[in-house]
Amino acid sequence: MRILVTGAGGQLGHDLVRTCTAAGDEVIACDSRRLDLSDRDSVAQAITGTAPDVVVNAGAWTAVDDCEFDPDRAWRVNALGPRWVADAARRVGAHVVQVSTDYVFDGAKAEPYVEWDDPNPQSAYGRSKLGGEREVDPSHAVVRTAWVCGAHGRNMVKTVLGLADRPELAFVDDQRGCPTFTADLAAAIRRLAVARLPGTFHVTNQGATTWYGFVRDILELAGHDPDKVRPIATADLDPPRPAPRPANSVLDNAALRLSGLELLPHYRESLERLLVELGARS
Ligand SMILES: NC(=O)c1ccc[n+]([C@@H]2O[C@H](COP(=O)([O-])OP(=O)(O)OC[C@H]3O[C@@H](n4cnc5c(N)ncnc54)[C@H](OP(=O)(O)O)[C@@H]3O)[C@@H](O)[C@H]2O)c1
């Protein structure tokens, strides 16, 4: 398979390149310099010039709070970008996997969200990502994921390891989601891409927790005292974060589950593996 990965310099992009290369694919790794999603010509050139079988659009402007202050940039990269990707892919017959987010939901549902629940994004980032979902063809795939962590890039695991020597930490206990690890996510995206499966798939690691619970897991599995973290409410954050986050963004991986496809492992298993890779656990 010849596979083009956008956002190849990001945390998911990095592991997509690694996973597909290890599987023997011909990988065209495009960072934002080689393929700029905000530039139609750059997207068209990168895709039509290489004629891949599959394009995974892992590139996005992911600075959730900054998107509130520059929604045009969010629309340009996260919504219009997928339009140019889908257009170029159509011209060469490539299948598209568009990576999206749990932030398309408002978080008001009491149960986990299935793929067929109505989105209702509350942030500029979420609205722009929903726009991107709507730009790809019905024959293409949308993979919604959440709380992404990997060895390459910034994420909660690395943040907590950096703070682990402090006597006390405080994290919110009223936002619930599914921590998801790029090594597992990349492999699942590759499986969907190989099969050219269409439609929306929720793809997260199994298990759900709050940020407070996740920080406890990270501290415990990295050999620190989990009791040093104290639960707080989102309303107690000072200063408050500019972009609202969904209180519940647990994604039921219903489309995978109901079609008998492989689910990702429980997040604690994958957290252990990442901590070993980062040298925080032996
Ligand atoms: N991180 C999460 O918790 C999370 C949760 C749910 C869904 N997602 C989705 O998962 C995907 C991967 O996220 P990630 O965590 O790997 O994010 P990331 O580490 O921020 O990577 C995103 C990549 O996109 C690139 N990018 C930004 N603007 C671009 C542009 N105009 N053209 C081309 N590339 C551009 C960035 O490159 P530069 O650094 O060069 O700008 C970066 O390498 C995204 O679609 C994101 O929306 C992420």
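**Exercise 1. Work out how the protein holds the ligand.**

Start with a side chain: Asp36 puts a polar side-chain atom 3.0 Å from a nitrogen atom of the ligand. Keep in mind that we're working on a predicted model.

Next, check the backbone. Gln11 has a polar backbone atom 3.0 Å from an oxygen atom of the ligand, and a backbone N or O atom of Ala60 sits 3.1 Å from an oxygen atom of the ligand.

Now for the cover: on its own the ligand exposes 890 Å², and the protein buries 77% of that.

**Exercise 2. Sort the shell around the ligand by element and by residue class.**

Count the neighbours. There are 25 residues surrounding the ligand, and the closest are Ser32, Leu37, Thr62, Tyr125 and Lys129.

Then group them by class: 11 are nonpolar, 11 polar and 3 charged.

Finally, which elements give two or more residues to the shell? They are helix H1 (11-22), strand E4 (95-101) and helix H5 (124-133). E4 gives the most, with 3 residues.

**Exercise 3. Explain why Cys149 and Cys178 are not in a disulfide.**

Look at the overall tally: the whole structure has 0 disulfides.

Go to Cys149 and find its closest partner. That's Cys178, and the two sulfurs are 12 Å apart, too far for a bond. The cut-off for a disulfide is 2.5 Å between sulfur atoms, so a gap of 12 Å rules this pair out.

Are these cysteines buried or exposed? Cys149 is buried at 2% relative accessible area, and Cys178 is buried too, at 3%.

**Exercise 4. Place two residues with positive phi and say how accessible each one is.**

Take Trp147, which isn't glycine yet has a positive phi, near 45 degrees. You'll find Trp147 in the loop between strand E5 (141-145) and strand E6 (148-149). Its relative accessibility is 8%. Buried means under 20%, so Trp147 counts as buried.

Move on to Arg196, another non-glycine residue with positive phi, here near 50 degrees. Arg196 belongs to the loop between helix H7 (182-194) and strand E10 (199-202). With a relative accessible area of 39%, Arg196 is partly exposed, because that class runs between 20% and 50%.

**Exercise 5. Find the partner of Pro239 in a cis peptide bond, and locate Pro239.**

Check omega for the bond from Asp238 to Pro239: it's near 0 degrees, so this peptide bond is cis.

Then locate the proline. Pro239 lies in the loop between strand E12 (229-232) and helix H9 (254-258).

Notes:
Residues are numbered from 1 along each chain as its sequence is written. This is a predicted model: local features need pLDDT of at least 70, side-chain atom pairs count only at pLDDT 80 or more; totals for chains, interfaces and linings use all residues. Side-chain values use heavy atoms; hydrogens and water are left out. A residue is near a molecule or strand if one of its heavy atoms lies within 4 Å of it. A polar contact is a pair of N or O atoms within 3.5 Å; within protein, one must be able to donate a hydrogen and the other to accept it, and residues adjacent in sequence count only if both atoms are side-chain atoms. Accessible areas come from the Shrake-Rupley method with a 1.4 Å probe; for residues, only the protein chains shown count as cover. Helices (H or I, at least four residues) and strands (E, at least two) are DSSP runs, numbered from the N terminus. Ala, Val, Leu, Ile, Met, Phe, Trp, Tyr, Cys and Pro count as nonpolar, Asp, Glu, Lys and Arg as charged, and the others, Gly among them, as polar. Buried means under 20% relative accessible area, exposed over 50%, partly exposed in between (1.4 Å probe, protein chains only).
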